[in-house]
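Please open the model in a viewer that allows residues to be selected by number. The tour below proceeds from one selection to the next.

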Amino acid sequence: MPVPQVAIVGRPNVGKSSLFNWLARRRLAIVDDYEGVTRDRMTTLIETEDQFFELTDTGGLGIEDPDDLTADVRRQIEFAINSADVILLVVDVQTGLMPLDQLVVERLRAVERPVILVANKSDQQHHDIHAEEFHRLGRGHLITVSTTQNRNRDELLELIRDRLPPSDETANVATMKLAIVGRRNVGKSTFVNTLAETDRMIVSEVPGTTRDSVDVHFEVDGQTFIAIDTPGLRKRKSQRTDLEYYGMHRAQRSIRRADVVLMFFDANETVSKVDKQLIGYVIENYKPCIFVINKWDLLHDTIPTERWVRYLRRQFPTLSYAPIAFITGQTGKNVKALMNHSSMLFKQARERVSTGQLNRLLRSAIEAHQPPLYQNRRPKIYYATQVATEPPTIVVMCNDPKAFSNDYQRYLMNVMRDHLKFGEVPIKMYLQKRARNDDEDVINR
C-alpha cells in the first residue's frame with residue numbers, strides 16, 4: 001500500500017507553511033506574511049505512532065500570482081487535493097471567516113476524502129471561542145491550534161491518524177488497472193479492442209474520437225485487467241473546446257487511478273510536447289510505465305528497434321529504467337508479451353524487501369562508494385527500512401539529510417534498483433535525520 005497523503009489547503013496567509021513546518025518539526029517551507037510565497041507543492045515524510053504519511057504544503061487558493069503563475073500554482077494545488085487521503089483545511093482565527101474561505105470549501109465540495117478544519121493562530125485557550133464561527137463552513141472536524149505557541153499538535157496528529165486509510169495489503173490484488181495514454185491517433189482504442197477481442201471502443205482515423213476515459217474489463221490467462229482508454233491529447237494552445245480541456249484532466253485522473261501506465265507512441269511520429277507533459281504527470285505520480293511503440297509493422301523492416309530505444313532514452317532520461325515495447329495493436333503482435341510485462345511491473349511495485357536485506361545491500365554500497373565529505377565530515381547512514389509499496393518507499397535514517405548530494409542519492413537508488421525487486425518501477429527514498437533517542441546503527445557496526 002502507498003504512503004498515505006495529507007494535503008494542507010486554504011486561502012493565502014492563514015499559516016499553511018507554518019503548520020507544515022510545525023508538524024514536520026523542521027523549517028522546510030518559507031514562512032512570510034506576504035501572500036503567495038508558496039507556489040510549488042512541498043512534501044515531507046511524517047512519522048507518528050509507528051505510522052508514516054506524506055504531508056504536502058500548497059499555495060493559497062484564490063490568489064492571483066504577480067508573476068503570472070496563477071495557473072501553475074492552481075495546478076499544483078489541484079494535484080495535491082486529488083492525491084490526498086486526508087485534507088487539512090486551514091483557517092485563521094485572528095482574521096475570522098473570510099469570503100475566500102468559502103471559496104476553498106466550494107472547491108472541496110466534490111472531494112470525498114476526510115477533511116479536518118484546522119483553526120490556526122488560536123494562541124491562547126480563550127481564543128478558541130472565536131473559532132466557532134468556522135462551523136458555518138459545514139466541512140470537517142474543527143480543531144484549534146497555534147503553531148507559534150505549540151498548541152494541540154499531538155491532538156491534530158491523532159485526528160490525522162484516525163482518518164488515514166487502513167493498511168490493507170490484500171486490497172485490489174486480483175485486478176490490475178492499466179491507463180492507456182498518448183496523444184491523438186496513436187492507436188489506443190484499437191489496442192483496447194484487441195485486448196477485449198471485441199469492438200468495445202469506436203475506432204476511427206479521425207483524431208480525437210475518444211472523448212472520455214472508458215474502463216474495459218478483460219482477462220488474459222486467467223488474470224483480470226481493467227484497461228482505461230483515455231482521450232487523445234494535443235497541445236494546450238490547441239485545446240479549443242471544453243471537451244478537450246476536460247479530456248486532459250480525465251487523462252491525468254486515469255494516470256492517478258492506474259497501477260501501470262502504457263504510454264503510447266506512433267512509430268511514424270517523433271516525441272511531442274504533449275507526450276512530455278503526460279510523462280511528467282506519470283513521474284509526478286510515481287507510476288510504473290511502459291513505453292509502447294505502436295504501428296511497428298510499418299517500420300520494422302526499415303528502422304532498427306535500437307534507434308527508437310536510444311531516442312526515447314535521450315528524451316526521457318529520468319525514466320531510463322522503464323521498459324520499451326514494440327507492438328502492432330491492430331494485429332495483436334507482441335500484445336500478449338506487453339500484458340505479461342505489465343503484470344511484472346504490477347508485481348514489482350507491490351514487492352517488499354526485509355529490513356535485513358535492505359541494510360546489507362546499503363552497507364555493501366557504502367563500502368564500495370562512500371558518500372563525499374560534507375563540511376569536512378563524512379556523512380553517516382545508520383539503517384533503512386521499507387515503509388510502503390506502490391511505489392516502494394524506503395526511509396534511510398542518517399545523521400544529516402542535507403549532507404548527501406543528489407548524485408549520491410541517485411547512486412543509492414540505482415543500487416537498490418539493480419539488486420532488489422524494483423528494477424523497472426519508480427522508488428521513493430527519504431533521507432531522515434535519526435532521532436536523538438534512537439541509537440540504532442545497523443550499517444556501521
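A residue is called buried if its relative accessible area is under 20%, exposed if it is over 50%, and partly exposed in between. Select Asp92 to apply this cut-off: its relative accessibility is 2%, so Asp92 counts as buried. Please note that the model is a predicted one.

**Confidence**

Colour the chain by pLDDT. The mean for the chain is 84, and 85% of the residues reach 70 or more. Next, select residues 200-212, where the pLDDT is below 50; this stretch nevertheless has 37 contacts in the model beyond near neighbours in sequence. Residues 238-245 also stay under 50, and for them the model has 10 contacts beyond four places in sequence.

**Salt bridges**

The whole structure contains 13 salt bridges. Three of them may be visited in turn.

Return to Asp92 and add Lys121 to the selection. Their side chains form a salt bridge, with a distance of 3.0 Å from N to O. Asp92 belongs to strand E4 (residues 86-92), whereas Lys121 is in the loop between strand E5 (115-120) and strand E6 (141-144); the pair therefore ties together parts that are 29 residues apart in sequence. In contrast to buried Asp92, Lys121 is partly exposed, with a relative accessible area of 24%.

Now select Glu78 and Arg107, whose side chains meet in a salt bridge at 2.7 Å, N to O. Glu78 lies in helix H2 and Arg107 in helix H3 (residues 99-108), so this bridge ties together parts that are 29 residues apart in sequence. Glu78 has a relative accessible area of 22% and is partly exposed; Arg107, with 23%, is partly exposed as well.

Move on to Asp266 and Lys295. The closest N and O atoms of this salt bridge are 3.1 Å apart. The bridge links distant parts of the chain, 29 residues apart: Asp266 is in strand E10 (residues 260-266), and Lys295 is in the loop between strand E11 (289-294) and helix H8 (305-315). Is each partner buried or partly exposed? Asp266 is buried, with a relative accessible area of 8%, while Lys295, at 22%, counts as partly exposed.

**Aromatic rings**

Display the side chains of Phe, Tyr and Trp; the structure holds 10 aromatic pairs. Select Phe79 and Tyr281. Their ring centres are 5.6 Å apart and their planes are at 80 degrees, so the pair is edge-to-face. Phe79 is in helix H2 (residues 70-83) and Tyr281 in helix H7 (residues 273-284); the contact therefore ties together parts that are 202 residues apart in sequence. Both Phe79 and Tyr281 are buried.

Then select Phe265, Phe291, Trp308, Tyr311 and Phe316 together, as ring pairs link these residues into a cluster.

**Arginine over a ring**

Which residue lies over the face of Tyr321? Selecting Arg417 gives the answer: Arg417 lies over that face, 4.0 Å from the ring centre. For another such arrangement, select Arg434, which lies over the face of Tyr382 at 3.6 Å from the ring centre.

**Helix H5**

The last stop is helix H5 (residues 188-196). Its buried residues are Lys188, Ser189, Phe191, Val192, Asn193 and Leu195. Finally, select Glu197, which follows H5 and has a positive phi, near 55 degrees.

Key
Residues numbered from 1 in each chain as written. Heavy atoms only, no water. pLDDT = per-residue confidence, 0-100. Contact = heavy atoms within 4.5 Å. Phe/Tyr/Trp six-rings, centres within 6.5 Å; stacked < 30°, edge-to-face > 60°. Helix = DSSP H or I, 4+ residues; strand = E, 2+ residues; numbered from the N terminus. Buried < 20%, exposed > 50% of the residue type's maximum accessible area, 1.4 Å probe, protein only. Lys NZ or Arg CZ within 6 Å of the ring centre and 35° of its normal. Salt bridge = Lys/Arg side-chain N within 4 Å of Asp/Glu carboxyl O.
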